[in-house]
Structures are given as C-alpha cells and as structure tokens.
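Let's take a friendly look at the hidden empty spaces inside a protein. Keep the sequence and the 3D view at hand as you read.

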Amino acid sequence: MNRNSEGQPWWKGAVVYQIYPRSFADANGDGVGDLAGITAHLDYVASLGVDAVWISPFFTSPMADFGYDVSDYCDVDPVFGTLADFDALVARAHALGLKVLLDQVWAHTSDQHPWFKDSRRGRDGVHGDWYVWRDAKADGNPPNNWQSVFGGPAWTWDARRGQYYLHNFLKEQPQINGHNPDVQAALLDVARFWLDRGADGYRLDALNFLMYDPAFTDNPPATDDGPRTRPFDFQEHRYNQSHADIPVFIERVRAVFDDYDDRFTVAEVGGPDSDRERQQFTAGDRRLNSSYGFDFLYAPALTPHVVVDAVTKWPDEAGVGWPSWAFENHDAPRAISRWCAPEHAPAFARMKMLLLGTLRGNPILYYGEELGLTQVDVPFELLQDPEAIANWPQTLSRDGARTPMPWKRHAPQLGFSTAQPWLPPGDDHAGLAVDVQEADAGSLLHWTRGVLALRRDEPVLRLGDFEVLHADAALLVFARNHHNDRVICAFNLSAAAQLWADAADLTPLLSIGVTGADFAPYAALIARHD
C-alpha cells in the first residue's frame with residue numbers, strides 16, 4: 001500500500017481537486033469540455049500541489065441533469081470522448097503523481113438506462129424490481145406525499161407498467177431499488193469495472209438516497225425555520241431516504257475496494273441528519289474512508305461558529321471517520337460571492353484558501369477556486385440547470401458555478417474552446433485567467449500553491465488534531481497538534497480589523513494582513529511559538 005511519510009494511507013489529509021468536465025477545457029471545439037481537454041491540462045493541476053482529481057460524471061447520459069442521469073455506467077458519453085480517452089487521462093495523471101477519483105451516481109439512473117427500460121415493461125421481467133414502483137391510491141393519487149428535490153411530487157405515473165415510479169430528483173432520474181440484492185451486485189460490478197481500468201477511488205453521489213422506507217410512510221411536515229422555495233422544503237425527509245440498511249451495503253462496497261490497493265471512497269451526504277449519517281457511513285474500518293456534507297456549501301456566512309461546529313464533530317478518536325471539506329462545488333454558489341463584499345475579495349480569497357488548507361480532513365478544491373472565480377449571473381434564456389429553470393427565480397442557478405475555466409485572457413472564449421461555450425464566462429473572469437495569474441507572483445493562484453505546499457510539508461496540518469483556542473463573532477484561533485508538533489492557526493473572518501495579543505509571540509509560517517497583534521480585515525496567520 002502507498003503510504004505517506006507518516007505511514008498513513010495516501011488519501012489521509014490529501015487535497016482533492018474537483019473538475020466539472022463540461023467546463024474545464026474543450027479539446028474538440030464543440031463548446032463543451034471533455035476528457036482530452038482535462039488530460040491536456042493535468043500538468044497545471046499537478047502544479048497546484050493537489051494529490052487527486054475528482055471528475056464529475058462523464059458516463060453515457062441523455063444529459064437531463066448533465067451526467068447525473070446515467071444511461072450506461074460502463075462507457076464514456078461521446079460528448080466527453082471515449083474509453084481510450086479515459087485510459088489516456090489516467091495514464092497521464094498517474095505519471096504526474098495524481099490519483100483519479102470518479103463520481104458514482106448509484107441512487108438513481110437515467111430513464112434511458114436499459115435497466116429502467118426493461119423494468120417499465122412489466123413487473124415480472126429480469127429488472128422488474130430494480131426500481132421503486134408502487135400502485136396508485138384508490139383515487140389515482142401518488143402512493144404517498146414524498147416530494148422531489150427539484151420540485152413537485154417524487155412520483156411519476158407510467159402508463160406502460162400501470163404504476164407510479166419514484167424519483168427523488170428529476171422524473172428522468174428514476175430511483176434505484178437499493179434494497180434489491182441483484183441491484184447491489186450490479187452496482188458493485190460497476191465499481192470493479194472502473195477500478196480495474198485504473199480509477200483510484202470514488203466520490204459517491206447522494207448516497208443517503210440509495211434506500212427508502214419499504215412501508216412508504218408519509219413524511220411529516222418540516223418544523224425548522226428554513227426557507228420554503230420548493231415543495232421538498234415543506235417536509236422532514238424521514239422516510240424517502242436514509243434507511244438503516246445503507247451502512248450494511250456500504251460494508252459490501254468497502255469489501256470490494258479492499259481487493260484493490262490504495263483506493264479511496266468519499267461520500268456526499270446532505271440533509272438535516274447528515275452529521276449522524278456521515279459518521280455512520282465512515283465509522284470503523286469496514287465502511288467508507290471519508291465523507292463530506294453541506295456544512296459550508298450552503299452556509300450564508302463563513303463565521304467562527306460555522307467552522308467550529310463543523311470540524312469539532314469529527315474528533316481524533318478511534319472509530320470516528322475521517323472528514324472531507326468543500327467550500328465550493330458544482331451544486332453551490334461560488335463562495336467568494338456568497339461570503340464577502342467585492343471590495344474585500346482579494347484578501348478574503350487568500351484567507352479562505354488558507355483556512356481550507358489548515359482544517360483537519362481532506363480539503364476539496366473546486367476548479368477555478370484557486371483563481372477566485374466569482375458566481376456568474378446567467379440570464380434565464382441561457383440557463384441550462386433544470387432545477388434553476390423549474391424554480392426560477394427562487395432557486396439560485398447552479399449554472400453560475402459551472403461556467404468555463406478561463407485559461408487565457410486574450411484568447412477566444414478565454415482559451416476554454418474555439419467555439420461558443422455551453423455557458424457564458426463571467427464578465428470579470430478574463431482578468432482572473434490562468435495566464436494573468438501565472439504572470440503575477442502576488443496572485444491568488446501562486447498563493448494557493450504556497451498554501452498547499454505548506455500543508456504538504458507540515459504533517460501536523462495534514463494529520464494533526466483540531467483544538468479550538470478562541471472563537472468569537474470575528475476571530476477564530478485553533479491549534480493543530482501532531483506528536484510533539486503544534487501549529488497555531490488564527491483567522492479574522494470579518495470585514496473589520498481585530499486585535500489578538502498572543503500573535504506577537506508566534507513565528508509565522510504563512511500570513512496575510514497580520515502586523516504584530518493587529519489583524520486587518522480577513523487576515524490570517526499560521527505560526528509556531530518562538
């Protein structure tokens with residue numbers, strides 16, 4: 001097994017770089033990013049100092065939800081290339097010392113998947129019970145009150161089979177019957193297919209939606225104070241997800257991965273019960289390696305309380321899983337647009353990057369985050385995101401965080417493609433392009449490389465425990481402790497100057513905006529005691 005200098009698996013404390021393939025780089029000039037485009041830019045990714053790339057779905061799909069509706073788990077969609085392109089990507093990544101993580105969508109498929117096409121033909125076929133089918137109520141209404149994440153009932157009537165089928169997301173994404181042993185075996189075969197082809201691990205999408213209450217009990221009304229922009233928000237999701245048998249299946253997944261060397265699993269787990277589920281999914285040594293939730297992705301502000309509440313739920317104790325953290329991804333608005341005013345963006349982006357790089361767990365860096373890309377206000381007529389279109393204008397479009405990567409300031413389409421890209425770039429993204437920041441030693445891009453180099457060089461930052469020293473409305477101070485090493489991390493998470501007297505006694509390893517005990521707005525300090 002590949003161990004790091006501390007004798008730990010490579011993935012423990014590793015930095016993961018998420019690539020949304022439609023938006024990273026277009027090699028064939030059709031306006032949509034592809035696998036060959038990713039391969040052509042892996043040298044850049046490796047130069048950041050990350051350990052692995054996570055590539056969002058590129059499998060065969062009708063693209064109702066841009067790849068999260070899979071119609072063939074074991075092939076590449078032509079818009080992204082071929083299996084040979086995937087093999088070339090893996091070979092180049094491995095040559096550069098990068099691991100390759102794939103995005104597995106197991107809670108649902110596309111309605112164009114052969115399994116579902118066969119399932120809807122009748123109840124007695126080979127795949128008859130591979131999806132969640134239910135008779136109508138006596139009055140013709142859906143079987144229960146479950147609601148879809150993307151709006152409306154989670155049930156769609158299918159005249160061919162004469163039943164309703166369940167879909168927690170789009171109606172084009174029918175729910176897998178995760179309770180079915182044959183379905184589980186098929187999913188494990190999918191896992192083996194890509195592991196045999198060189199994949200180093202998986203990010204498992206919406207894993208807590210894999211199984212449901214077989215009694216189909218109605219969900220109770222929501223009692224929280226959250227916003228109500230979709231019917232989904234009016235319920236506690238007690239019965240349509242998060243069944244107690246999911247961890248049993250996870251142990252089967254882990255057994256498959258244990259047949260391979262150096263593989264890694266990280267689950268996406270959202271919802272109000274995600275803290276418990278994340279720890280359940282990663283407990284001990286027979287389940288997943290890591291998980292991440294939405295602690296930061298949908299947080300309206302980055303505060304000391306938000307950070308402390310998230311990280312301290314994962315103590316450095318036997319049996320407790322290993323966390324991963326993301327401030328941005330393909331489902332959430334760009335953090336720099338959520339969490340600070342434009343005039344503070346340069347300082348905030350550096351502070352945020354340093355905070356992400358010093359948390360206990362695995363930092364997940366979203367493509368363009370190292371450039372400080374802002375959220376793009378995509379006009380309604382150019383929207384591609386089905387959720388945003390269905391719930392406009394109440395739901396903030398995911399498209400705004402999926403816009404093309406700006407490679408060259410003065411190139412057509414900013415170097416992303418020679419054709420009109422599938423989404424428009426941001427008005428300010430040309431000035432944030434890779435070539436602009438490469439030429440500026442003081443850029444966020446170079447700062448990011450420095451942050452990740454510090455993390456790589458300091459085992460205490462990758463593997464140490466997390467000890468809160470101070471947290472008020474603005475100032476967060478914590479220590480990372482590993483063996484006999486101790487590093488102090490202090491952050492001003494506010495737009496007002498702060499004073500922290502103890503800073504004067506420290507020897508900086510990396511800092512921004514700190515002079516003695518004075519912390520400018522969004523200042524940060526990583527240091528040791530003299």
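A cavity is a set of grid points where a 1.4 Å probe fits but cannot get out, and its lining residues have an atom within 4 Å of a point. With that in mind, here is what this predicted model shows. The structure holds 2 cavities of 30 Å³ or more.

**The largest cavity**
- The largest cavity encloses about 40 Å³ of space.
- Its lining is made up of Glu 328, Ile 336, Ala 349, Lys 352, Met 353, Gly 368, Glu 369, Gly 372, Leu 373 and Leu 444.
- Helix α11, which spans residues 345-358, gives the largest share of this lining, with 3 residues.
- Sorted by class, the lining of the largest cavity has 5 nonpolar, 3 charged and 2 polar residues.

**The second largest cavity**
- The second largest cavity has a volume of about 30 Å³.
- Around it you will find Val 15, Met 353, Leu 356, Gly 357, Pro 363, Leu 365 and Leu 452.
- Two elements, α11 and β13 (362-366), each supply at least two residues of this lining.
- The most comes from α11, with 3 residues.
- By class, the lining of the second largest cavity has 6 nonpolar residues and 1 polar residue, and no charged ones.

**Side by side**
- Which residue can you find in both linings? Met 353 lines the largest cavity, and Met 353 also lines the second largest cavity.
- Charged residues occur in the lining of the largest cavity, whereas the lining of the second largest cavity has none.

How values were computed: Residues numbered from 1 in each chain as written. Predicted model: local features only at pLDDT ≥ 70, side-chain atom pairs only at ≥ 80, totals over all residues. Heavy atoms only, no water. 1 Å grid on protein atoms, 1.4 Å probe; cavity = no way out; pocket = protein on both sides within 12 Å on 5 of 7 lines; lining within 4 Å. Points joined across faces, edges and corners; volume = space filled by probe spheres on them. Helix = DSSP H or I, 4+ residues; strand = E, 2+ residues; numbered from the N terminus. Nonpolar A, V, L, I, M, F, W, Y, C, P; charged D, E, K, R; others polar.
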